[in-house]
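I sat down with this model today and kept a short notebook as I went. Here are my entries, starting with the ligand.

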Amino acid sequence: MCGIVGYIGEKKAQPILLNCLSKLEYRGYDSCGIALSASGIEVHKDIVRVKALTRALPTLDGMAGIGHTRWATHGEPSKLNAHPQCDCKGRIAVVHNGVINNFQKLRDQLTEEGHNLTSQTDTEVIPHLIEKYYNGDFEKAVGLALSDIEGSYTMIALMADEPRLIAARKDSPLIIGIGDRENYIASDVPALLDYTSRVIYLEDGDVAVVTADTVEVKQNGAGIIREEHKILWSVEDAQKGGYEHFMLKEIHEQPKVIRDTLAEYISAAEPAADLTGDDGSSMDDMLVLACGTSYHAGLIGKYIIEGLVNVPVRVELADEFNYSGHVSARNKAIVITQSGETIDALKSIRKLKEAGCQVIAITNVVGSTASRIVDRTIYTRAGPEISVAATKTFIAQLIALYWLALPYSRVDIGRLDDLVLEIRQLPVKVQQVLDNEAAIADCARQLAGFENVFFIGKGINYPVALEGALKLKEISYIHAEGYAAGELKHGPFALLGDKTPVVAVVAQDNTCEPMVTSIKEIKARKSPVLALVGEENETMEGLADSVITLPQIDPLFSPVVNSVALQLLAYYVARERGCPVDFPRNLAKSVTVE
Ligand code: AGP
């Protein structure tokens with residue numbers, strides 16, 4: 001959740017650290033801070049965004065330093081709880097991402113031993129433990145401190161008069177960026193794009209000793225070689241490129257994302273994954289696990305796979321599955337996670353692997369933890385997604401699911417040919433939705449004054465309604481609920497009325513007629529209705545209060561165009577309400593703690 005960075009080299013560390021932090025802000029933005037090593041350790045931190053901290057700081061010395069952008073777990077967002085956290089003498093500074101489970105015990109012990117811990121954070125025990133164990137050997141002291149800690153502790157430590165940074169990875173990502181007589185450490189690739197494309201992905205349990213000229217990685221005290229990789233994302237990928245928000249830029253990138261993702265799958269020599277059973281026949285049962293928006297992609301995947309391949313698909317929230325889900329070695333499983341680092345998704349992969357299941361990950365991040373612990377990875381080619389609200393990675397996940405199912409499709413060859421032609425048309429169809437942006441923004445203005453909104457859909461567009469509601473609530477703070485259209489009358493009807501609009505996703509398939517019936521029932525309760533319909537669908541005329549018209553498309557692919565329209569709708573509602581679109585309150589992009 002938090003973002004951490006480190007720099008050591010021949011340049012002044014301050015502007016580099018602050019720039020890297022600004023690229024990691026999507027991981028947490030409750031507060032931020034940096035520590036620099038010059039003559040002693042100097043720490044600057046506050047409950048502000050990185051831009052404000054940058055403006056507030058004088059020019060500081062130091063060619064080694066660490067930085068942090070926080071998503072609070074232990075202790076409210078405050079200056080005292082912001083990172084870096086230091087030891088008693090202020091000679092050791094630590095930035096940390098994770099949760100230390102035994103921190104209270106360690107804190108009590110340290111306090112008894114005379115250490116003065118002043119924050120409410122779990123992190124603060126780390127610099128104090130290093131201080132306790134320091135006997136002239138910084139690396140040894142860090143090793144001993146880490147061996148006392150239970151929980152997750154991806155962190156970087158900096159010590160006065162020490163020409164090295166010591167980093168450790170446990171349960172959340174950490175990468176080393178290799179430069180020329182300088183090296184970098186960061187939670188994620190976007191932080192480093194301005195400086196280097198050469199990276200080393202650390203593994204769980206790795207400790208890295210990083211100087212300006214060297215990177216030494218160890219596991220259990222023994223040196224280990226970690227391969228160097230080249231980052232393929234460009235600097236522009238992680239910039240706003242003239243758009244007001246990353247979210248809007250990312251929505252507009254979707255035709256290209258679909259094209260890039262499809263191009264990769266089409267050019268591949270073999271299907272993205274094997275959807276047959278062990279004996280080559282069709283599979284018995286498929287399990288799909290994910291969280292949040294990725295879960296909604298999984299639910300749409302159920303309709304895609306069951307519809308095309310005729311295999312039963314069970315979709316579960318990863319966190320719920322971790323506590324109750326049944327699994328056997330006969331299941332094949334797909335875990336969908338754009339970041340590849342969501343703790344609940346990773347736990348579910350480990351549970352599946354322990355049961356002997358074959359696991360496929362669908363992820364957007366090369367080298368992510370998920371990609372390293374599954375049997376097979378299907379990459380989406382969405383490029384870095386900075387806005388906390390997932391948009392282009394969701395659409396890319398849908399493309400991956402279509403492409404996964406199409407080679408195993410049981411539909412007749414004529415229909416299959418049509419589907420393949422249609423999927424190739426998706427970039428054009430999505431562009432048509434984007435070209436209709438002004439009309440969608442008008443509908444958004446009508447919606448922005450309400451405090452409760454229902455989204456309804458049916459069949460493959462039911463999860464689209466769930467995703468539309470999630471998008472709206474997370475960035476506009478309007479209470480929104482997604483419902484299967486037929487369910488609304490089993491309770492939520494009590495909430496209908498002229499103050500509760502309903503957004504209805506109407507597809508041109510066998511769900512159209514019952515959707516019309518549902519909308520008539522809703523209208524009878526005076527709720528304003530905004531309907532999304534294909535351009536040849538006339539059923540909403542004289543029925544819905546407003547309509548977003550979408551390009552005509554095979555119903556199987558309608559979730560793509562409908563979701564893009566709902567992304568724009570949520571974006572313009574949030575903008576109308578003056579919300580911080582890219583950085584919604586209390587959220588972080590990558591949820592690496594439970
Ligand atoms: C979506 O807009 C959210 N940011 C969130 O629901 C997200 O999809 C969820 O946390 C899962 O993330 P993942 O795909 O990286 O695992």
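**Entry 1: ligand contacts.** I began with lysine 471 in this predicted model. An N or O atom in the side chain of lysine 471 lies 2.9 Å from an oxygen atom of the ligand. Next I looked up glutamate 474, where a side-chain N or O atom is 2.4 Å from a ligand oxygen. I also found a backbone contact: a polar backbone atom of valine 388 sits 2.8 Å from a nitrogen atom of the ligand.

How much of the ligand does the protein bury? I noted 410 Å² exposed for the ligand taken alone, of which the protein buries 91%.

**Entry 2: the shell.** I then asked which elements give two or more residues to the shell around the ligand. They are helix H8 (292-309) and helix H15 (462-476). In total, 15 residues surround the ligand, and I wrote down Ser294, Thr337, Ser339, Thr342 and Glu474 as the closest. By type, I have 6 nonpolar, 7 polar and 2 charged residues in that shell.

**Entry 3: domains.** I looked up the division of the protein and found domain 1 (3-231), domain 2 (243-424) and domain 3 (427-581). Which domains each supply at least three residues to the ligand shell? I found that domain 2 and domain 3 do. For the overall layout, I noted 45 Å between the C-alpha centres of domain 1 and domain 3.

**Entry 4: the sheet of 8 strands.** I traced an open, antiparallel sheet in the order S3-S2-S4-S1-S10-S9-S11-S15. Why does strand S3 (40-46) have one side without a neighbour in the sheet? It stands at an edge with a single partner strand, and strand S15 (228-230) does likewise at an edge, so each has one side left free of a sheet neighbour. I also recorded the average turn between neighbouring strands here, 20° with direction ignored.

At the S15 end, I checked the pairing with strand S11 (residues 198-201), which is antiparallel over 3 bridges. Arginine 198 faces lysine 230 in S15 there.

**Entry 5: the sheet of 7 strands.** I followed another open sheet with antiparallel pairing, ordered S5-S6-S7-S8-S12-S13-S14. Its edges are strand S5 (85-86) and strand S14 (222-223); each has a single partner strand, so one side of each lacks a neighbour in the sheet.

Within this sheet I picked out strand S8 (residues 165-168) and strand S12 (residues 206-210), which run antiparallel and are joined by 4 bridges. What stands opposite alanine 168 in S12? I found valine 207.

Methods
Residues numbered from 1 in each chain as written. Predicted model: local features only at pLDDT ≥ 70, side-chain atom pairs only at ≥ 80, totals over all residues. Heavy atoms only, no water. Near = heavy atom within 4 Å. Polar contact = N/O pair within 3.5 Å; in protein donor to acceptor, adjacent residues only side chain to side chain. Areas by Shrake-Rupley, 256 points an atom, 1.4 Å probe, with all protein chains shown as cover. Nonpolar A, V, L, I, M, F, W, Y, C, P; charged D, E, K, R; others polar. Domains from an automatic or database assignment. Pairing = 2+ DSSP bridges. Axes fitted to C-alpha atoms, helices over the stretch in contact; angles between N-to-C directions.
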